[in-house]
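Okay, thanks for coming, everyone. I'll put the structure up and then walk you through it.

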Amino acid sequence: MAEVSGKLRVALVFGGRSGEHEVSVVSARSVARALDPAKYQIVPMAIDRQGLWAAPEVAQKVLEASGDRADQVLAFTGAHRLDPRLLEGAVDVVMPILHGPFGEDGTIQGLCEMLDLPYTGCNVAASAVTMDKVLTKRLLRDAGLPVVPFVVVTREQWSGAVPEPVRGLSLPLFVKPARLGSSVGISKVKSWETLPAALELAFQFDDLVLVEQGVDAREIEVAVLDGDPPVVSVPGEVVPGHEFYDYADKYLDDACKLLAPAPLADPQVGKVRELALAAFRACGCDAMARVDFLLEKPSGVFYVNELNSIPGFTPISMYPKLLGLTGVPYPELLDRLIQLALIRHERRRELAAAALKPLGERAATGS
């Protein structure tokens with residue numbers, strides 16, 4: 001593996017075309033500050049809102065700008081469709097810090113696979129699955145894990161009237177675009193009269209919409225870091241400052257409270273950590289994920305809500321905070337993610353080499 005001055009060259013990819021562009025930039029700044037300069041040389045790679053890759057000096061300027069809030073992100077413009085440095089062997093490992101579509105959904109992961117580059121985070125399939133709330137719900141349900149009742153509505157099914165299967169659910173409802181993050185396009189519906197408007201809003205962002213039955217619940221989050229054995233964090237709790245934990249509440253208003261660790265009884269802690277690892281495995285995740293739960297207040301039942309394959313890495317983000325409380329400080333977390341990426345890459349190469357052996361040779365060696 002090529003290195004410069006004994007340092008591993010880490011391509012830090014951030015920005016992107018999704019509605020979470022600003023959050024990605026803030027996360028990348030936090031990661032850049034935490035990466036050990038004695039071990040790593042950061043190669044900043046910024047993608048603008050149109051999908052253009054910025055020149056190196058522009059990417060560096062954006063990364064070095066001050067501001068730890070999504071509304072403090074410096075606007076920038078890219079210059080070309082794909083940074084050719086990815087094709088020239090200028091980096092040793094790619095660290096995608098891209099939240100939402102065109103980054104967290106398997107696209108950048110697939111690019112890295114095609115270029116034979118190690119990358120941090122989940123594999124292509126798990127990234128795509130966990131970005132899709134419908135696929136995630138179905139996998140979790142089929143694995144016997146608890147999820148709230150839900151109905152899927154496609155654009156073809158949407159006629160402006162409330163679909164009949166949705167009426168089998170109980171109010172309140174949550175209406176969500178299937179393949180977006182950070183609560184973009186999500187509505188809490190308290191009356192049937194407002195449901196069409198919520199569906200219209202969701203369809204502005206996706207052709208597939210998830211309608212979930214609301215529950216009176218606390219919001220609990222658990223961080224999972226792969227390894228032998230995996231690290232499953234202590235749980236944290238999000239106390240929304242708004243009607244629910246929406247984008248503004250997460251990144252703009254500072255109205256929510258993040259309780260880490262969450263005030264839970266020991267049996268509850270054990271249960272939610274067990275469920276987090278089970279959900280991680282059911283969705284085929286590796287490397288990392290944040291698993292989000294709804295803890296129903298009347299029953300005490302944990303429902304798996306969703307998984308995030310590239311969770312926030314901002315200064316206030318739960319994922320690094322919870323792992324820090326579980327004995328994995330931020331710089332060590334980044335070290336582990338990079339090592340996991342390198343190990344997985346070597347294993348993929350071994351498997352690819354075995355698959356390329358002539359059929360007769362494989363039969364003779366039993367491989």
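I'll start with a sheet, then move to a helix and the cores.

Keep in mind that this is a predicted model. So, the sheet: it's an open one, made of 4 strands in the order 4-7-5-6, with antiparallel pairing. Strand 4, at 150–154, and strand 6, at 187–189, sit at the edges with a single partner strand each, so one side of each has no neighbour in the sheet. On average, neighbouring strands here are turned by 25° against each other, ignoring direction.

Look at strand 5, residues 173–177, next to strand 7, residues 208–213: they pair antiparallel over 5 bridges. One of the residues to click on is K176, whose bridge partner in strand 7 is L210. Packed on the sheet is helix 6, residues 195–203, which touches strands 4, 5, 6 and 7 and makes about 20° with the direction of strand 5.

Now helix 1, residues 21–34. Is it enclosed or not? Well, 13 of its 14 residues are buried, so the rest of the structure largely encloses it. Its end C-alpha atoms are 20 Å apart, which agrees with the 20 Å that 14 residues should span at 1.5 Å a residue.

On to the cores. The largest nonpolar core has 41 residues, and V31, F313 and I338 have the most contacts inside it. Helix 1 is among the elements supplying at least two residues each, while helix 10 gives the largest share, 7 residues. What does I338 touch beyond its sequence neighbours within four places? Its contacts there are L8, V10, L35, Y40, V93, M95 and T120. Apart from this core lies another, of 33 residues, including A126, A279, F280 and L295.

How values were computed. Residues numbered from 1 in each chain as written. Predicted model: local features only at pLDDT ≥ 70, side-chain atom pairs only at ≥ 80, totals over all residues. Heavy atoms only, no water. Pairing = 2+ DSSP bridges. Axes fitted to C-alpha atoms, helices over the stretch in contact; angles between N-to-C directions. Contact = heavy atoms within 4.5 Å. Expected span 1.5 Å × (residues − 1). Buried < 20%, exposed > 50% of the residue type's maximum accessible area, 1.4 Å probe, protein only. Core = buried A, V, L, I, M, F, W, Y, C linked by side-chain atoms within 4.5 Å.
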